[in-house]
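Colleague: Please show me the chain, and then I will ask about its elements, a pocket and a few contacts.

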Amino acid sequence: MIYGYCRISTGKQNIERQIRNILKAFPMAEIRQEVYTGTKSDGRKVFEQLLRIVKSRDTIVFDSVSRMSRNAETGFKIYQELYEKGVELVFLKEPHINTETYKKALSSNIELTGTKTDIILKAINEYLMELAKEQIILAFEQSEKEVSDLHQRTKEGIETARLKGKQIGQKSGSTLTTKKSIVAKQGILKYSKDFGGSLNDVECMKLLGIARNTYYKYKAQLKNGA
């Protein structure tokens, strides 16, 4: 079975690119997708479920290593567990750390000769295995660093904006205006008895499909000229 795992950090991001890339390389992949903001695998319900059902000879495809984990320690741990379980891992943007590549590195040991030269050959084999392992860890560490750098740039950008006197976020006491709130307020003005309409509050709420707390919040804002 081939699974394609896709993840985005916020609902505002577009997951389609990841899906498209995976299906282009593996048209028969069964796509699993979710929105999760953390750097570890804990709490990623879709990914956790995938880890439970995946079995030997199955394949999990990721658009990039960062979709599997943006925490180096966690990422390499999961990588090792799945590798030992016999699960194939494919990273479209980092093919050099695919489990198939890692497997080749581990199985391409230089044949020993039965002589003193074997001391050197064993050292070379161990070096090749450690090199393959380091490449995998490095890929996860790079992913983790990119997240850290992004957070730092965001923090610095906000601080720079503050120093320049720009308003960050919504001003205290200000009213957030959305298309939904505009339409709702127009309906209240039209139908509520308090504004010249013919409906009481309960009737108005039912007609406009507005929750009680939201309705009274909008009504108060209208009375205050908002």
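Modeller: This is a predicted model. Let us begin with the second largest pocket, where H7 gives the most to the lining, with 4 residues.

Colleague: Which elements give two or more residues to the lining of the second largest pocket?

Modeller: The lining consists of Lys180, Val183, Ala184, Gly187, Leu208, Gly209, Ile210, Ala211, Thr214 and Tyr218. Two or more of these residues come from each of helix H7 (179-191) and helix H9 (212-223).

Colleague: How many residues of that lining are nonpolar, polar and charged?

Modeller: The pocket in question has a volume of about 160 Å³. Lys180 is in its lining, and Lys counts as charged. Gly187 and Gly209 also line the pocket, and Gly counts as polar. The full division is 6 nonpolar, 3 polar and 1 charged.

Colleague: How are H8 and H9 oriented to each other, parallel or perpendicular?

Modeller: The axes of helix H8 (residues 201-208) and H9 come within 10 Å and cross at roughly 110°. Angles from 65 to 115 degrees count as roughly perpendicular. The crossing angle therefore makes H8 relative to H9 roughly perpendicular.

Colleague: How many nonpolar, polar and charged residues are there in the contact of H8 with H9?

Modeller: From H8, the residues that take part are Asp201, Cys204 and Met205, and they meet Arg212, Tyr215, Tyr216 and Lys219 in H9. Asp, Arg and Lys count as charged, while Cys, Met and Tyr count as nonpolar. The contact of H8 with H9 thus has, by class, 4 nonpolar, no polar and 3 charged residues.

Colleague: Is Asn98 buried or exposed?

Modeller: Asn98 sits in the loop between strand S4 (88-91) and helix H5 (99-107). Its relative accessible area is 13%, and the cut-off for a buried residue is under 20%. Because 13% falls under that cut-off, Asn98 is buried.

Colleague: Which residues is Asn98 in contact with, leaving aside neighbours within four places in sequence?

Modeller: Contact here means heavy atoms within 4.5 Å. With the sequence neighbours set aside, the partners of Asn98 are Tyr79, Leu89, Val90 and Phe91.

Colleague: What pattern does the chain follow along the sequence?

Modeller: The chain has 9 helices and 4 strands. Taken in sequence order, these give β-α-β-α-β-α-α-β-α-α-α-α-α.

Colleague: What share of contacts between residues at least 6 apart in sequence joins residues at least 24 apart?

Modeller: The chain has 226 residues, of which 35% are buried. Among its contacts between residues at least 6 apart in sequence, the share that joins residues at least 24 apart is 60%.

How values were computed. Residues are numbered from 1 along each chain as its sequence is written. This is a predicted model: local features need pLDDT of at least 70, side-chain atom pairs count only at pLDDT 80 or more; totals for chains, interfaces and linings use all residues. Side-chain values use heavy atoms; hydrogens and water are left out. On a 1 Å grid over the protein atoms alone, a cavity is a set of points where a 1.4 Å probe fits but cannot get out, and a pocket is an open set with protein on both sides within 12 Å along at least five of seven lines; lining residues have an atom within 4 Å of a point. Grid points are joined across faces, edges and corners, and a volume is the space filled by probe spheres set on the points. Axes are lines fitted to C-alpha atoms, for helices over the stretch in contact, and angles run from 0 to 180 degrees between N-to-C directions. Angles under 35 degrees count as roughly parallel, over 145 as roughly antiparallel, 65 to 115 as roughly perpendicular and the rest as oblique. Buried means under 20% relative accessible area, exposed over 50%, partly exposed in between (1.4 Å probe, protein chains only).
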